[in-house]
Amino acid sequence: MENKNWKCRIAPSLGGGFEGTPESAWGTEEYGAGGVDHSNLSVVFFGLYGLPDFFTLWNHKGKKACLWAGSDITHFLNGYWLDEKGKIKISPKSLAIWINNYVDNYVENEVEQVALAKLGIESKVVPSFLGNVNDFPLSFKPQEKIKLYTSVSGNDFNTYGWNKIYKFAQDNPDIDFYLYGNTIPFPIPEGFVNIFIRGRMEKEEMNSEIKQMTGALRLTEFDGFSELIAKSLLWGQWPVSIIYYPGTIRVECIKYLKDFIKKPNKTGREWLIKSLNKYPWNIK
C-alpha cells in the first residue's frame with residue numbers, strides 16, 4: 001500500500017456510527033483540519049451525496065479519489081438538486097464524464113460498480129471497514145438455534161428491508177430474527193414469536209449480543225459494504241445478504257442455513273481480511 005500523505009474528506013451526509021474513523025483505519029488525515037489548505041494534496045472523497053460534495057471535488061486541484069458509499073450513488077443517478085425540494089435537478093451524465101476522466105473511483109461491491117458503469121464511470125471494487133480487525137476475532141461456535149440479526153438507520157424500514165422479515169419469519173419458524181436500531185415502534189403481528197425488537201442501543205452492547213448469534217441479515221437491495229456483514233464475517237459467522245459477497249448466504253437459500261452452521265465460516269473471514277481496505281491511501 002502506498003500513502004503519499006493522503007487526506008480524507010467525509011461527506012456530511014454520510015453520518016456516523018462507524019466502528020472507527022478513516023484516521024484510525026487508513027492513516028489518512030482529515031481534509032482541511034485546523035484550517036490547513038489541502039487543495040493541492042492527494043484526497044479521497046468518502047461519499048458524494050450532493051452538489052456541494054461534487055463542487056468540492058471539482059474544485060480540488062490535487063489528486064482525487066472517490067470512495068462511493070452506496071446511497072450516494074442513488075442520489076447521483078437521480079440527479080443532484082439545485083433547489084430545496086428537488087424540483088430542479090442536474091443530469092448526472094455530464095458530471096459522470098468529468099468524474100471518470102479526473103477521479104479514481106472505488107466502490108464496495110459489483111452492484112455499485114454496475115450502476116456507475118451505466119453512466120460511463122469505471123471503478124474498482126474494494127470493501128472497506130473502519131473498525132480494527134483484531135477486535136473481531138474468529139469466535140463462531142456451532143449452535144442448535146439459528147439467530148439472525150439486522151439493523152435499520154433513520155427508521156427507514158422499507159430501505160433496510162424490514163418489511164420482508166415477516167415473510168422470512170413465517171417461512172422459517174426455526175430461525176429467530178433480532179432487529180436493532182429503530183427508535184420508533186416496528187409492529188409485530190400477533191403470532192410472530194420468532195421476531196425480537198431490540199431497538200437502538202450502544203454499539204458495544206449490540207456487538208456483545210450479536211457476537212453470540214449465527215449471522216447478520218442484510219436486506220438492502222442497493223448498498224455499500226455493510227459493517228454488519230463485515231463484523232459477521234470476521235467473527236466467522238454465516239451472514240445472509242441480498243447483495244452477494246464471498247462467504248455470505250443468498251437470501252433465497254436461508255432455509256438451508258442449518259447446513260452451513262456446523263463449523264465457523266473461515267473461508268468468508270479469510271476473503272474479507274485479504275480484501276479489506278486495499279486502497280492507495282491506506283498505510284495501516
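Are Tyr106 and Tyr279 buried or exposed? In this predicted model, both Tyr106 and Tyr279 are buried.

**Aromatic pairs**

The count of aromatic pairs comes to 26. A pair of rings is described by the distance between the centres and the angle between the planes. The table gives two of the pairs.

| Pair | Centre to centre | Angle of planes | Class |
|---|---|---|---|
| Tyr106 and Tyr279 | 5.6 Å | 85° | edge-to-face |
| Tyr178 and Phe196 | 4.9 Å | 20° | stacked |

Planes over 60 degrees apart count as edge-to-face, so the 85° of Tyr106 and Tyr279 puts that pair in this class. Tyr106 sits in strand S7 (residues 104-107), while Tyr279 belongs to the segment after helix H9 (266-275). The two are 173 residues apart, and their pair links distant parts of the chain. Tyr106 and Tyr279 are also members of a cluster linked by ring pairs, together with Trp6, Phe18, Trp26, Phe46 and Trp281.

The stacked pair ties together parts 18 residues apart in sequence, because Tyr178 lies in strand S10 and Phe196 in strand S11 (residues 195-199). Tyr178 counts as buried at 14% relative accessibility, whereas Phe196, with a relative accessible area of 31%, is partly exposed.

**Strand S9 and its partners**

Strand S9 (residues 146-151) is mostly covered, with 5 of its 6 residues buried. S9 runs parallel to strand S10 (residues 175-180), and 6 bridges join the two. S9 also runs parallel to strand S12 (residues 215-218), here with 2 bridges. Tyr149 stands opposite Tyr178 in S10 and opposite Ala216 in S12. Together with helix H6 (residues 165-171), S9 and S10 make a right-handed β-α-β unit.

**Nonpolar cores**

In soluble globular proteins, nonpolar side chains tend to be buried together. The largest nonpolar core here has 24 residues, and those with the most contacts inside it are Leu148, Trp162, Phe177, Val240 and Leu257. S9, H6 and S10 are the elements that give two or more residues to this core. Apart from it lies another core of 21 residues, among them Leu228, Ile229, Leu234 and Trp235. Leaving aside residues up to four places away in sequence, Val240 touches several residues, including Leu148, Ala216, Ile229 and Leu257.

**Cysteines**

The structure holds 0 disulfides. Cys8 is in no disulfide, and the nearest cysteine sulfur, that of Cys66, is 10 Å away. A disulfide requires sulfur atoms within 2.5 Å, so a separation of 10 Å does not qualify. Both cysteines are nevertheless covered: Cys8 counts as buried at 4% relative accessibility, and Cys66 is buried with a relative accessible area of 1%.

Definitions and conventions. Residues are numbered from 1 along each chain as its sequence is written. This is a predicted model: local features need pLDDT of at least 70, side-chain atom pairs count only at pLDDT 80 or more; totals for chains, interfaces and linings use all residues. Side-chain values use heavy atoms; hydrogens and water are left out. Buried means under 20% relative accessible area, exposed over 50%, partly exposed in between (1.4 Å probe, protein chains only). Helices (H or I, at least four residues) and strands (E, at least two) are DSSP runs, numbered from the N terminus. Two strands pair if DSSP finds at least two bridges between them. A crossover is right-handed if, with the strands pointing away from the viewer, the path from the first strand over the helix to the second runs clockwise. A nonpolar core is a set of buried Ala, Val, Leu, Ile, Met, Phe, Trp, Tyr and Cys residues joined through side-chain atoms within 4.5 Å. Contact means heavy atoms within 4.5 Å. Rings of Phe, Tyr and Trp (its six-membered ring) pair if their centres lie within 6.5 Å; planes under 30 degrees apart count as stacked, over 60 as edge-to-face and the rest as tilted.
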